[in-house]
Each structure stands twice: as structure tokens, then as C-alpha cells.
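Here are a few friendly notes to read alongside the structure. They cover enclosed space, its lining, a pair of helices and the confidence of the model.

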Amino acid sequence: MAQNVIATQLRPHIAPGIPAVVVEHVSKSFELDERASWWERLRGRRRPRRIRALQDVSFTVAPGEIFGILGPNGSGKSTLIRVLSTLIIPDSGRALVFGYDVVQQDMIVKRLINRVSVEAAFFKKLSPVENLMYGARLYGLHGTAARERIYSILHRLGLRESAFHQPMEEMSRGMQQKVAIARAFLTSPVVLLLDEPTTGLDPRSKREVQALIRELRETHDATILLSTHDMQEAETLCDRIAILDEGRIVALDTPEGLKARVAANGRKISMEEVFLALTGKQMDEVGDAVMVEGN
Amino acid sequence: MISLWRIVRFELGASYAFIERNLHLVRRYMGWELVWFAYSLASALSITYIGAAMDRISGAKVNTDYLILYLLIGTLVWRFLSVIFDNISEMIQWERWEGTIEYTLMAPIHRFTHMLGQTAFAILHGLLLSAGIAGAVVLLFDVSLAGANVAGALFMLLAGGLSFIGLGIMASVLPLLFPERGAQMTHMVQALLLLFSGVYYPIDVLPGWMQVIARVSPATYVLQGIREAILQGTPTVVLWPRFVVLAVTGVGLMGVGVLVFNRAEQYAKRTGRLKRSG
């Protein structure tokens, strides 16, 4: 079915043996300008505050891997996912998707990736079919082929047929998030970027979305980057986990490796304890971005 | 080897995504569309009735038929151009409101493709709305187009539309760079174009400095050309040089618009203005 997607046909060559994702020394800071008016800044009265969202972040992800990015709110997870999604240009360092630079070769990278974010961003008055049709056409899937594929995916997600043509705003958040994952399925991405896809979902919806992620890996042979602040989710879904705190990677290993690093006397420990030991913080603490200048 | 035709087909198909999406949105917001039509119609009628009442207002003998047609051309042309401007300049604002902006900008399509789809819908929307208003006004006023060069007027309208597409693309940058105030800024641009372009009056009634600004507004030349075609029946051959200048200006403004948008998009990606959290 994926062969019907023209974007897939326009996909660049992927050399065998090349890492799916390479992030090298990526740093990003942002200006917080809400306190300083342009007049104050022009007169030099108040320099804008800057925060460091990412600090010298480096890692490599192998093809087919589920790679977790674990960190509290404000730790830089979403910024990192946005860099890989071509939506934020890093200040320094570089990020590659199957060897293609996300800044210099962004159009090629866009043909390889898709992203699901924490908020299911749709035209709320439009139905799932209308929203997915829009997404399908943007990725080169048209007409009957697109419609058949959309119906097939929505059926597989367990969406009742009467809801196919109802406005998205009438659906539960869990169901909206499933449609968001369907949108990503539709384009058959080689690298899927999942930015807290289960945050705010009820336990049942969370389990269903997690099952979909596993299914995506098994059936689509996709490489998945999953950002989350759910320890259990990271532990059960991910092959390796990078713990991100204040924009820095403080540890990177398999879930077992991270536990072994912290465990003493052969005691079994939880990922919460691992996180506390490595960052000195509880996961539910809101991470403070690092202020680097300003007054 | 990927054929050029396959790439063109992909880009045209992606363009159609915007037309189809906007048609779905119009259908889903049909109530709002009817409200907007009623507002536009009431506004057009109010302005046209000023022409009908001018002899009573002034106490002097006035050719009211000519004045009605003069004002009607202004209100219809302005409605068409402003619908194009609104549709294009609001595309970013609407996507920001829905939260879909990142998905659209992440799609593997060129920005020109994006603009092409949005623009085609804007022209279609503008033509339908203007035709609806024109039809309703004709029922209430005895408008005679005898001797008018309607085809020449339509040519001028389409050529002028190109400039408004370019201006609309440039204005759409404002909500991209200023999430909270950008939409109001586009309305200000539109209000200034209305003031300076001689929509309801000849520009020579304006103070000298305003006339200088009026002469750089493409809408001034669209309106002058259409009024010459309709009111004086000026043949297309005579209008041709003005048409060419408007079309070239329009294509140039569209090119500049796409360049400006691309620069603004890069700026927004460097500064994290598309959206940022976590």
C-alpha cells in the first residue's frame, strides 16, 4: 500500500548500514522577550532573557530501534523532537536522519519522517476522514487509494464507522490521539517522532496507543523516537533510553543498563529511583530551563 | 530517476489538498459563511444607496445611475480583492488557532505549492462571493451595462487579483512572526489599502501625500481600469498596457511574497516562534 504514496516514490535512497538518526553536539537557546518591550531593548535598558533548551546533545539511533527520551516538563524533549522534525533550527551542532541534514536537506528529511505531538492538532470542525485526506494529499496519496487506506487504518484503530464523518471536536481525546497516530501511519514514515503521545490520556486509551506504537514498529519496520515523562512507558516500550535534564543528556542506556548503573547490592529498583539518582529530581518536578543571560 | 512529471503531479496534488481542505471548512462553517455574505451584501447595498440618494443629499442634479455604478464597481472590486487578501493572509492565523501549523510546515511540499493551493481557493471564494453580491444588487437597482466592456473589466480584475495575492502572502507573515498581534496588523494593512486606493472616490480628492501612496497601490490601477471599461466602455486594446503592467506587478509581488514568507519561516524556526514547549 505504501507504494501508492508518491512521496514514498520520491523518497531518497537510504544507504544500508547507516544510522537512522544522528544527533551531534546540538545546542539551542531561546530568547524570552515577554518582559522587555522593543523600546526598552532598543535603549539597552533590559536585555532579553535567554534560556538554554538543549546543551551539547549527542546520540545515535539504529534503524528499527525504539529510542526513548525521558525527562520532566521543560527538560528539552519537545525542542529535540522539533529539531528532528525540521521545525526548529539548532544554534550549533547537527542532526541527521538517515544521513540527511535536517537543516540543509530539510525537504528530503520531511519525506522520511512524521510526528505525533502531545496535543492532537487537527481542524476540529472537520471529520477524521477529512483531516486524514488533507494529510494524505500533502504526502502524495490521492483519490480512491487514499480513501481506502484511511478507512482501513481507522477500522484497525477501532473507530466506529459513524464517527468517521463526525467533527473531531466531538471525539474523546484518546480517540483524537489515535487519529493523530493514524495520520502518521498513513504516510509510512521511516522515522516516527512521538512527542509525549500518551500524556493526559486515561489508562485504557494509554494502553491502546502504546499497543499501536508496538504494532507500528512490528508491521512498518519504522525507527521510533519516543519522548515521554512516563517511566513505565519508557521502560516497557524502549530499547534504549536517554535521560534528559535541563537540556543535557545525563544518562543513555538500555532500561536494564540504567538500573544496573544505579542499583546497589543487587537490589531491584524502579525507573523512578533511577531518575532520582541520576538527576537528583522527582519526575513530577517541572524542570527549570537554564537561564544564561539577561536581567 | 524521478521524472519531472511525477514531481509536478505530486506538487499539484499537494496544492489541491489546500483547496479541498478549505472547501470542507467552508461547508462545516456554512452558518458563518452566510453571516459573512449577509454582512458583505448589507455593506455593498449601503454604499450603493449613497449613490442613489446623492441628488437628495446634495440638492443638486446628479447622474445617480452613473454614481450607483461607480460605487457598485468600488464595492464589488473591493470585496473580491479583500476576500483574496483575507483568505491568504489568514491562512497562518487559522492554522495557529487550530494548532495545525507545524504539521502543514512539516509536510514535504514547497512553499510555492502551499501558496498556489491557498491562492486558487481564495480566487474561487472571492469570485463566488462577489458574484452573489452582484446578483443581489442587480435585483434592487436598475443597473445598465449597455456599452460596457465587461470582458476587459474582468481581465483587469484578475490581473489586480495577482497583486493582492502577493500582498496577502506578505501579510500572512505577520501572524507567523507575531502570534498575538499579527492578525490585527493584517487588518490595518487592508484598511490602509481601502483608504488610499480610491475604492469609492477618485484619488485626486486625497491630500497630495496620500496621492503619492495611492499611486503605488495596485488597487488604484485595477479600479481605474475597471471603471474605464465599464463606465466609458474603453476597449480592451486601450486597456492592454495597464493590464500588462498590473499582471507583471502581480507576478513580481507574488514572487516577493513567497521569498518574504520563506525568510520569515526560517526566522520563526530559528527563534522558536512556530511553537515551543518542553
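1. Searching the whole of this predicted model turns up three cavities of 30 Å³ or more. The largest cavity holds about 140 Å³ of space.

2. What surrounds that space? The lining of the largest cavity is made up of 14 residues. If you would like to find its centre on screen, look for the residues that lie nearest to it: Tyr134(A), Gly135(A), Leu138(A) and Arg183(A), together with Tyr103(B) from the other chain named here.

3. Which helices supply at least two residues each to the lining of the largest cavity? They are α5 (128–138) of chain A and α5 (101–106) of chain B, so please mind the chain letter when you read "α5". The biggest share of the lining comes from α5(A), which gives four residues.

4. By chemical class, the lining of the largest cavity has seven nonpolar residues, six polar ones and one charged one.

5. It is also worth looking at how α5(A) sits against helix α7 (residues 173–186) of chain A: the two pack at an angle of about 30°, and their axes are 10 Å apart. Angles under 35 degrees count as roughly parallel, so α5(A) is roughly parallel to α7(A). The crossing of α5(A) and α7(A) is right-handed.

6. A word on confidence in chain A: the average pLDDT is 85, and 86% of the residues score at least 70. Within chain A, strand β4 (residues 92–97) has the highest confidence, at a mean of 97, while strand β11 (residues 290–293) has the lowest, at 49.

Notes: Residues numbered from 1 in each chain as written. Chains lettered and ligands numbered in written order. Predicted model: local features only at pLDDT ≥ 70, side-chain atom pairs only at ≥ 80, totals over all residues. Heavy atoms only, no water. 1 Å grid on protein atoms, 1.4 Å probe; cavity = no way out; pocket = protein on both sides within 12 Å on 5 of 7 lines; lining within 4 Å. Points joined across faces, edges and corners; volume = space filled by probe spheres on them. Nonpolar A, V, L, I, M, F, W, Y, C, P; charged D, E, K, R; others polar. pLDDT = per-residue confidence, 0-100. Axes fitted to C-alpha atoms, helices over the stretch in contact; angles between N-to-C directions. Parallel < 35°, antiparallel > 145°, perpendicular 65-115°, else oblique. Left-handed = near helix turned anticlockwise from the far one by under 90°.
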